[in-house]
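Work through the exercises below with the coordinates open, and attempt each task before reading its solution.

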Amino acid sequence: MRVAILSSEAVPYAKTGGLGDVAGALPKALRETNGADAALILPLYETTDRNLLGSLIIDNLEVEWHAGGSTPTRVFYSTTTGAPAFLIDAPRYFARPGIYGYRDDYERFAFFCRAALALLKRLGNPPDVVHGNDWHSGFAIAELAARRHYDSFYSNTRTVFSIHNLAYQGAFDPAELPRLGFANEWQTFETDGTASGMKAGLAAADVISTVSRRYALEIQMPEHGYGLDWLLRLRRDRLVGITNGIDYDVWNPATDPHTAARYDANDLGGKGICKLDLLRQFNLPEESARPIVASISRLIPQKGYDLIREAAVSILESGAFFIALGSGARENEDFLQALRDYAPHRVGVYLGFNEQLAHKIEAGADIFLMPSLYEPCGLNQMYSTRYGTVPVVRATGGLDDTVQNFDRARGDGNGFKFERYSTGAMVESLYEAVYCYHDREAWRKIQWNGMREDNSWQRAARRYTELYHAAARM
Ligand code: ADP
Ligand code: GLC
């Protein structure tokens, strides 16, 4: 089974969020489980560490592209992750300071897709499956659906399209479609007067997946469907939910090179050292009996930051430290700064993206707060359980699938969750967690339950392998 995985980001080459973690880990896990001969294709960004690039394998990739201007394209080949990765180097589109956020993003990723398909052809061996991720790869899925009828190279290639976040669709004016080479695919791309890579991927893929079971159901309803729930209902026989795994080579308290000490479920001694180290990082008093409530996230409405803002004083009144790492909406950044000024001995804030600090927080914190409005899967709650940091989450999407409420009597469960999207419900759940934190035996049990879970990518990779085989049979 030969699979080409297309993604706009993948660790360690480029990351803004969970998609990067997933696309970095999945190809490796597929190879390790002998599930598929998987290769990754992604753009080469200005921000990509040049030390990760292996060799220049194609100096001049011919890409059929008529959207104005010449677009010289090269391809680098790297095996840094343990799986082959091809990085498309097209400075016209990708030599910019950021990964996303440009007016021509739809054109940039339409080009990326066309270049990826040109690359596969140039390599000479047709893939059995092209697996696209999120709207950025939808152009390739649409193109393959058309191409298989006239291009014998791709006649047996099937497609899988994974939704990581339906809210981001990459919408653009359908009048642009001819320029992008999709003059005949209006119906595939368009809905309600706009075109998008997301719509195209969903309409054209042989198989659709998303990153948790509950989210697979939620997106079929208007509340979470972002205007495409009708299409997902229509195609629900093709839609499955596969919960993401976590990459234990990267997120493992027993081997983590970023943290002050190593530990595991049997011996949590190192976690205390990590906690002190974390307090020092933020110039907070070394009061190790006080719980640390932490948050790592993009500071956007999806992540429930309005609840955190409203509840900030209650969080501090619980007696806890509050430590936040994130970047995003200005009002949330300003809020965090103001909170730190208000309680400098209890609050630690880092605004920006910092991979090492994310590891230190997972290891050093006691409680991880993730009150998302919606969450396709979510990775930090799973990293948290692995690090003995107890998640408090809202029961939505993947958070609901991966966090079970702690039941004192039975001794099962790995965290705390609440249903209603309200400050009151969140604070109640958080207080329950803080209360439990002071009962050492109960706390040890929750930590143990979480740390012993198997959330490995191996398991998810097996499910993707089944999906690829299902697609190949179509
Ligand atoms: P999403 O992809 O919606 O942002 P996930 O929970 O799936 O949510 O994944 C987020 C990933 O991004 C995690 O690996 C998390 O540690 C990381 N992350 C988010 N914000 C930051 C930040 N400011 N610094 C470092 N890592 C971050
Ligand atoms: C998206 C989602 C997040 C998910 C990640 C990886 O960014 O917001 O919930 O974990 O993709 O699938």
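**Exercise 1: a helix pair**

H11 and H12 are roughly parallel to each other, because angles under 35 degrees count as roughly parallel, those over 145 as roughly antiparallel, 65 to 115 as roughly perpendicular and the rest as oblique. The model is a predicted one, in which local features need pLDDT of at least 70 and side-chain atom pairs count only at pLDDT 80 or more, while totals for chains, interfaces and linings use all residues. Residues are numbered from 1 along each chain as its sequence is written, chains are lettered from A and ligands numbered from 1 in the order in which they are written, and side-chain values use heavy atoms, with hydrogens and water left out.

Task: find at what angle the axes of helix H11 and helix H12 cross, and which residues make the contact.

Solution. Begin with the elements: helices (H or I, at least four residues) and strands (E, at least two) are DSSP runs, numbered from the N terminus. The axes of H11 (residues 305-317) and H12 (residues 330-342) cross at roughly 5 degrees and come within 11 Å, where axes are lines fitted to C-alpha atoms, for helices over the stretch in contact, and angles run from 0 to 180 degrees between N-to-C directions. Next, list the contacts, meaning heavy atoms within 4.5 Å: H11 contributes Tyr 305, Ile 308, Arg 309, Ala 312 and Leu 316, and H12 contributes Glu 331, Asn 332, Phe 335, Leu 336, Leu 339 and Tyr 342. Finally, consider Gln 337, which is also found in H12. Gln 337 is partly exposed, with a relative accessible area of 33%, on a scale where buried means under 20%, exposed over 50% and partly exposed in between (1.4 Å probe, protein chains only).

**Exercise 2: the parallel sheet**

Task: give the strand order of the open sheet of six strands, and state which strands stand at its edges.

Solution. The order is S14-S13-S12-S15-S16-S17, with parallel pairing; two strands pair if DSSP finds at least two bridges between them. Strand S14 (347-351) and strand S17 (416-418) each have a single partner strand and stand at the edges, so one side of each is left without a neighbour in the sheet. From one strand to the next, the twist averages 15 degrees. Within this sheet, four bridges join strand S15 (residues 367-370) to S16, with Phe 368 opposite Pro 391 and Leu 369 opposite Val 392. Strand S16 (residues 390-394) is mostly covered, five of its five residues being buried. Val 390, Val 392 and Arg 394 point one way from S16, whereas Pro 391 and Val 393 point the other way. Such a pattern can be set beside a general rule: in a regular strand the side chains alternate between the two faces of the sheet.

**Exercise 3: the mixed sheet and its helices**

Task: determine the order of the nine-strand sheet, and describe how helices H1 and H18 are placed.

Solution. The nine strands form an open sheet in the order S3-S4-S5-S2-S1-S6-S7-S10-S11, with mixed pairing. Its edge strands are S3 (55-58) and S11 (239-241), each pairing on one side only. Helix H1 (residues 18-32) packs on the sheet, touching strand S1 (2-6), strand S2 (37-43) and S6, and its direction makes about 155 degrees with that of S2. Helix H18 (residues 457-472) lies across S1, S6, S7, strand S10 (207-210) and S11, running at about 140 degrees to S7. The axes of H1 and H18 come within 9 Å and cross at roughly 80 degrees, which makes H1 roughly perpendicular to H18.

**Exercise 4: where the domains meet**

Task: explain why the largest nonpolar core lies between the two domains.

Solution. The chain is divided into domain 1 (2-245 + 458-472) and domain 2 (269-454), with bounds that come from an automatic or database domain assignment. A nonpolar core is a set of buried Ala, Val, Leu, Ile, Met, Phe, Trp, Tyr and Cys residues joined through side-chain atoms within 4.5 Å. The largest has 66 residues, and those with the most contacts inside it are Ile 5, Leu 30, Leu 40, Ile 361, Trp 457, Tyr 464 and Tyr 468. H18 gives the most to this core, with seven residues. Both domains give residues to this core, so it lies between them. As for the domains themselves, 21 residues of domain 1 are in contact with 20 residues of domain 2, and 32 Å separate their centres, taken over C-alpha atoms.
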